[in-house]
Amino acid sequence: MIPNQHNAGAGSHQPAVFRMAVLDTDLDHILPSSVLPPFWAKLVVGSVAIVCFARSYDGDFVFDDSEAIVNNKDLQAETPLGDLWHHDFWGSRLSSNTSHKSYRPLTVLTFRINYYLSGGFHPVGFHMVNILLHSGISVLMVDVFSVLFGGLQYTSKGRRLHLAPRASLLAALLFAVHPVHTECVAGVVGRADLLCALFFLLSFLGYCKAFRESNKEGAHSSTFWVLLSIFLGAVAMLCKEQGITVLGLNAVFDILVIGKFNVLEIVQKVLHKDKSLENLGMLRNGGLLFRMTLLTSGGAGMLYVRWRIMGTGPPAFTEVDNPASFADSMLVRAINYNYYYSLNAWLLLCPWWLCFDWSMGCIPLIKSVSDWRVIALAALWFCLIGLICQALCSEDGHKRRILTLGLGFLVIPFLPASNLFFRVGFVVAERVLYLPSVGYCVLLTFGFGALSKHTKKKKLIAAVVLGILFINTLRCVKRSGEWRSEEQLFRSALSVCPLNAKVHYNIGKNLADKGNQTAAIRYYREAVRLNPKYVHAMNNLGNILKERNELQEAEELLSLAVQIQPDFAAAWMNLGIVQNSLKRFEAAEQSYRTAIKHRRKYPDCYYNLGRLTQAGRGPETTLHKYADLNRHVDALNAWRNATVLKPEHSLAWNNMIILLDNTGNLAQAEAVGREALELIPNDHSLMFSLANVLGKSQKYKESEALFLKAIKANPNAASYHGNLAVLYHRWGHLDLAKKHYEISLQLDPMASGTKENYGLLRRKLELMQKKDV
C-alpha cells in the first residue's frame with residue numbers, strides 16, 4: 001500500500017508514484033534505467049567522497065588547527081572534562097573578554113578522544129575521522145535527497161519508498177565531490193561543520209519519521225520523533241552554532257510541504273476577500289500547531305540555555321575581521337553584505353577560486369552604487385526572487401516541494417553567517433557553505449532535469465553533468481593536497497587574494513618558523529603595507545628585527561602596535577625586551593608591567609620582568625638590573641610568579657637559583673633547585689645550576705653526580721665540563737680536574753676562566769712533581 005495523505009503533490013489527478021518519478025525519468029539519459037539499489041548507490045557515493053579527500057589523510061595541522069587543537073589544553077587529560085562545558089572552541093573561558101563565544105563542546109570532546117586514541121598530537125588520526133565523517137554524511141545525503149525529490153511515501157509496513165533513485169544519487173554525488181567542502185574535510189577544525197551537518201541531517205530525517213501512517217504509529221510515536229528531532233538539533237548546535245537552524249527547516253518542511261500551504265492560493269483569496277480563508281485546513285490542523293509549538297519551545301529553550309552558559313557579552317571582533325559591519329552607512333553595510341552573499345553563491349557555482357581566508361583587503365568594500373560589482377547583487381536577487389516565486393506560487397505541487405526544500409537548505413543554514421542577526425568574525429568563509437551546498441545540489445539537479453525535459457540534446461547535458469563531476473573530483477584532489485601543509489595552503493592563496501594582508505602575514509610566519517628571516521621580513525612588510533593597522537604583523541616583524549639587532553626600527557614598530565591596540569600584551573612585552581636591549585631599563589620595566597596589567601597570567605613576561613639583563617653579559621655571568629639596584633626580592637618574586645603560572649618554566653627556575661647563588665643564599669638556592677628538579681627532572685641546565693650550589697656547600701658527592709648527569713644529557717657543553725673540573729679541583733681529585741679542564745677547552749678554547757683555572761692546576765701539579773723528586 002502507498003498512502004498519499006502526506007503527498008506534497010496532492011491535487012494532481014495523476015497517480016502519486018508516477019508524479020513522484022517525473023524528475024527521475026527526465027534524468028534517465030544521465031543515469032541509465034538500471035539504477036543502483038540504495039545500498040550500492042550509497043557505497044558508490046561514500047567511496048567517491050573518500051577518493052576526493054583521501055590525499056589529506058597524512059597532512060599536518062594547519063592554520064586554525066594550531067589554536068583549536070595543538071595549543072588547546074582542553075584536549076589533554078589534565079583538564080577536567082567538565083571544563084569543556086565552560087570553555088569556547090579554542091579553550092578560553094566563555095566569560096573571558098577575548099572569547100569568540102564559539103560554544104562547541106561536543107566537537108572538542110571528539111578532538112580529545114582523538115588525542116587519547118592517537119597517543120598525542122598525531123594528525124593522521126584526526127584527518128581520517130574527518131574524511132570518514134564526510135563520507136558518512138554523503139551516504140546519508142542519498143536518503144535526504146530521496147525525501148526532497150521523491151516525497152514521503154510509505155508501504156503498508158511503514159517502509160519509506162525511494163521514488164527518485166536517479167535524482168538522489170546524482171545530487172549526492174554532486175554533494176560528495178564539491179570542492180568548497182575541502183576546508184571542512186582537510187582542515188581538522190572543519191570537524192565542527194561536519195558533526196553539525198551529521199546531526200542536522202539526522203534531525204531532519206527524524207522529523208520526517210513523524211509522518212508515517214498515523215494508524216500504525218499513533219500520536220505518541222509522532223510526538224516521539226518530533227522530540228527526538230529537537231534533541232538531535234540541540235546536539236548539532238553543541239557541535240556548531242548553526243545546528244539550531246534545523247528547527248526552522250523542519251518547520252518550513254511541515255508547513256509548506258506536509259501542510260500543503262499554497263502561498264499563491266492564499267494571496268488570491270486575500271485579494272478577493274474570500275471568506276473560506278477563515279476555514280483553511282492548516283489553521284484547523286491541531287497536529288501542525290502542536291508540532292510548531294514543540295519546535296518553537298525547543299528552539300527557545302536551546303537559545304536560553306546557550307545564553308546562560310555564554311553570558312550576555314558579544315564576541316569582540318575587529319574591523320579587519322569584518323570591515324562591512326563597521327561601516328557607518330547602513331546602505332554601505334547592506335550593499336556589501338549582499339555582495340558577500342553573491343560571492344558565496346559564486347563559490348557554490350564555480351568553486352575554482354578557493355582561499356583559506358577572505359579577510360583583510362581580500363574583498364575591498366563597495367562604497368558606491370556606481371561600483372561595477374553591484375551587478376553581482378542584481379544577478380543574485382534576480383535568480384533568488386525567480387526561484388522563490390516558483391517555489392511558493394507554482395501550480396505544480398512537486399515543483400513547489402523540490403524548490404522550497406532546495407531553497408530552505410540553501411538559505412536557512414546560512415542565516416547565522418549572514419550578519420543579519422549579529423556580527424560575524426569573517427567576510428566569506430567556505431566552511432559555512434557545507435550545509436547550504438545541500439540546497440545548491442537540489443536546485444542544480446532539478447535544473448538538469450528541467451533542462452533535459454525541454455531539449456533534444458540530452459547527450460550534451462549528460463556530458464556536462466559528468467564533466468562537472470569529473471572536474472570537481474580533480475579539483476577536490478588538488479585542493480586537498482594544498483591543505484596538507486601550511487606552506488602550500490598559504491601560497492595557494494596568493495593568486496586568489498593578493499591583497500589579503502593575512503595571507504602575506506601567514507607566509508611570513510611560516511618562513512620565520514623555518515628560520516628564513518630575510519624572506520619573512522619581506523612578507524611581513526607587505527602585510528603591514530596592505531594593512532597599516534595590522535598589529536600582529538608589526539609585532540612579529542619587530543621580533544625579527546630585534547633578533548637582528550635592528551633595535552631602533554623594532555622599537556618604532558612595537559610602539560606603533562601598542563598605540564593602535566593598547567591591550568596587546570605580547571607587543572608590550574616585546575617592546576620591553578627591545579627597550580631593555582637599548583639599556584632603557586625604566587621604560588622596559590614599565591612596558592613589562594603594562595603587559596602584565598592586560599594579561600594577568602603571563603609567565604614569560606614575569607620572567608623578563610625579573611631578568612632585565614644588562615647587555616653584553618653571557619649566561620654564566622648574568623647580572624640583573626634588579627640585582628644591581630638591590631632589588632633581589634623583586635626579581636625573585638617576578639620569577640616565582642612565572643613558575644607558579646608555568647611550573648615547567650625552566651629559565652625562571654634557573655635564574656632564581658643563580659641569583660640566590662650569586663648573593664650567597666646557598667641554602668635557599670639549594671631548596672629552589674631541588675623543587676625545580678622535582679617538577680622538571682630531566683632538565684640538564686637545572687642539574688648544572690644545582691650542582692654548582694652543592695659544590696659551594698661542599699656536598700661534593702651529590703654535586704658530582706648532578707654534573708655527570710647533566711654532561712650525559714648535554715655532553716658538548718663546555719661550561720659543564722669546566723665547572724665539574726672546578727669541583728674536582730676543590731675536592732682534591734686533580735687528575736679528574738685536569739681531564740675535564742682539557743675537555744672543556746677542546747669544546748671552547750676561548751673560555752678565559754677555564755684557561756686561568758687550568759693554568760693554576762698545572763702549576764700546582766708541577767710543584768707537586770718537584771716536591772716528589
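## Helix H29

Helix H29 covers residues 632-645, 14 in number, and spans 20 Å from its first C-alpha to its last, close to the 20 Å expected at 1.5 Å a residue (1.5 Å times one less than the number of residues). Helices here are DSSP runs of H or I with at least four residues, and strands are runs of E with at least two, numbered from the N terminus.

The buried residues of H29 (under 20% relative accessible area, 1.4 Å probe, protein chains only; exposed is over 50%, partly exposed in between) are Ala635, Leu636, Ala638, Trp639, Ala642 and Thr643. Because they fall within an arc of 160 degrees seen down the axis, they line one face of the helix; the arc is taken from the directions from the axis to the C-beta atoms. Val633 and Val644, on the other side of H29, are exposed.

## Basis of the model

This is a predicted model, in which local features need pLDDT of at least 70 and side-chain atom pairs count only at pLDDT 80 or more, while totals for chains, interfaces and linings use all residues. Residues are numbered from 1 along each chain as its sequence is written, and side-chain values use heavy atoms, without hydrogens and water.

## The chain

The chain has 36 helices and zero strands. Of its 773 residues, 53% are buried.

## Nonpolar cores

A nonpolar core is a set of buried Ala, Val, Leu, Ile, Met, Phe, Trp, Tyr and Cys residues joined through side-chain atoms within 4.5 Å. The largest has 219 residues, and Phe145, Phe204 and Phe253 have the most contacts inside it. Apart from it lies another core of 12 residues, including Ala68 and Phe126.
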